[in-house]
Amino acid sequence: MRPTAAVAAKDVWLGVLATVVVVALSVGTALAMGWRLDGGFRGGPAAGQAGATASRSATPPTTSATSAPSGTAAPVRSTSAPPSGSTAGATASGATSARPALPTLTWSDGATIMVLGDGTADSDRTWISVWARALGATHRVTLASWNADSQRWVPTIRYGQAGSVVTIRDGSAPGVNLRTTLRGSVALTDPATEPTPDLILGCVGRAETEESIAASLDALVATAATYSPTPPVVLVAAPTAPTSVLESVRVRSLQWADERGIPVIDVRADAEGRGTDLLTSDPAEIGDPGATFWGRAIRDRLGS
């Protein structure tokens with residue numbers, strides 16, 4: 001019994017020794033291959049590649065976003081001003097979209113607005129009466145027309161029964177260009193007898209030519225300067241059809257406004273995509289849909 005027990009004990013110890021040797025050899029082999037005792041590989045390809053990928057995704061090279069092959073355009077990433085020599089927002093009419101903002105009227109305090117033109121603003125039938133009627137929903141509006149015979153303003157119609165007082169004076173003269181009207185009717189815009197308007201709208205086209213339009217609009221600005229303080233001037237570009245004989249007048253008036261920094265309400269631009277019945281070859285012949293849209297466009301742009 002004793003020799004057998006001794007042999008068994010010897011076998012056990014030999015087994016333990018063999019296990020220790022195997023473990024030691026395994027650890028040595030692992031260390032030789034670069035395994036860290038705290039886990040992972042030291043500088044192995046997996047760790048290096050992952051670190052490089054994360055670095056590229058978090059901080060892309062500065063040249064990758066703007067560089068482009070020769071002969072191609074680099075991608076645009078900002079909305080800053082265009083390069084020198086280019087025109088922002090160019091339109092088919094030759095005008096630009098980078099125009100001065102429209103003046104802000106304090107409607108709650110009331111307002112006096114003068115419309116000057118060549119008959120394109122006909123207060124009896126077209127957009128100006130639509131506009132006055134719409135303002136009458138929240139204001140007490142008086143629409144007055146200039147009477148050339150009596151040389152005075154004549155109230156033609158009133159809208160609304162509550163709210164602040166709004167006066168629209170339509171000094172358009174049918175059949176005569178604006179420059180002639182302003183020279184021939186000094187009382188029309190006499191600062192000594194009439195209150196200074198809060199805003200002057202210039203609406204021209206029917207009696208103007210490509211050669212006369214700039215002089216008429218210059219006369220409009222000069223007239224505004226006779227008031228103190230000088231009221232802002234806004235050009236209203238009528239919704240004439242592109243095929244209209246008045247197209248050259250429209251284009252020149254928009255160019256004039258851009259050259260002098262005058263704000264514009266371009267009714268035709270607002271009407272784009274809404275149907276050709278809103279346009280006309282002659283502003284004096286505009287139909288009810290066009291007149292309604294025109295009047296509402298003015299109210300939308302100026303507020304109420």
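Eight salt bridges turn up in this predicted model. One of them pairs the side chains of Asp218 and Arg260, at 2.8 Å from N to O. That pair links distant parts of the chain, with Asp218 in helix H5, Arg260 in helix H6, and their positions 42 residues apart. Helix H5 makes a good starting point for a tour, and the nonpolar cores follow after the charged pairs.

**Helix H5**

- Helix H5 covers residues 213-224, and at 1.5 Å a residue its twelve residues should span 16 Å; the end C-alpha atoms are 17 Å apart, which agrees.
- The buried residues in H5 are Ile213, Ala214, Ser216, Leu217, Ala219, Leu220, Thr223 and Ala224.
- Two helices, H4 (178-184) and H6 (247-260), are included in what covers those buried residues.
- Strands S1 (111-117), S5 (199-203) and S6 (233-237) are also among the covering elements.
- Asp218, in contrast to the buried set, counts as partly exposed because its relative accessibility is 32%.

**Salt bridges and their partners**

- Arg260, the partner of Asp218, is partly exposed too, with a relative accessible area of 37%.
- Glu259 and Arg252 also meet through their side chains in a salt bridge, at 3.8 Å from N to O.
- Glu259 is exposed, since its relative accessible area is 54%, over the 50% cut-off.
- Arg301 forms a salt bridge with Asp270, and their closest N and O atoms are 2.9 Å apart.
- Arg301 belongs to helix H8 (residues 288-302) and Asp270 to helix H7 (residues 267-271), so this pair ties together parts that are 31 residues apart in sequence.
- Both ends of that bridge are partly exposed: Arg301 has a relative accessible area of 34%, and Asp270 has 25% relative accessibility.
- Asp218, Arg252, Glu259 and Arg260 are joined into one network by salt bridges that share partners.

**Nonpolar cores**

- The largest nonpolar core holds 32 residues, and those with the most contacts inside it are Trp107, Trp127, Trp131, Ile168, Leu201 and Ile298.
- Elements giving two or more residues to this core include helices H3 (127-135), H7 and H8, together with strands S2 (140-147) and S4 (165-170).
- Trp107 touches Ile113, Trp131, Leu135, His139, Ser164, Val166, Leu302, Gly303 and Ser304, leaving aside residues up to four places away in sequence.
- Another core, of 26 residues, lies apart from the largest one, and among its members are Ile213, Leu220, Trp256 and Ala257.
- Ile213 and Leu220 bring us back to H5, where both are buried.

Key. Residues are numbered from 1 along each chain as its sequence is written. This is a predicted model: local features need pLDDT of at least 70, side-chain atom pairs count only at pLDDT 80 or more; totals for chains, interfaces and linings use all residues. Side-chain values use heavy atoms; hydrogens and water are left out. Helices (H or I, at least four residues) and strands (E, at least two) are DSSP runs, numbered from the N terminus. The expected span of a helix is 1.5 Å times one less than its number of residues. Buried means under 20% relative accessible area, exposed over 50%, partly exposed in between (1.4 Å probe, protein chains only). Contact means heavy atoms within 4.5 Å. A salt bridge is a side-chain nitrogen of Lys or Arg within 4 Å of a carboxyl oxygen of Asp or Glu. A nonpolar core is a set of buried Ala, Val, Leu, Ile, Met, Phe, Trp, Tyr and Cys residues joined through side-chain atoms within 4.5 Å.
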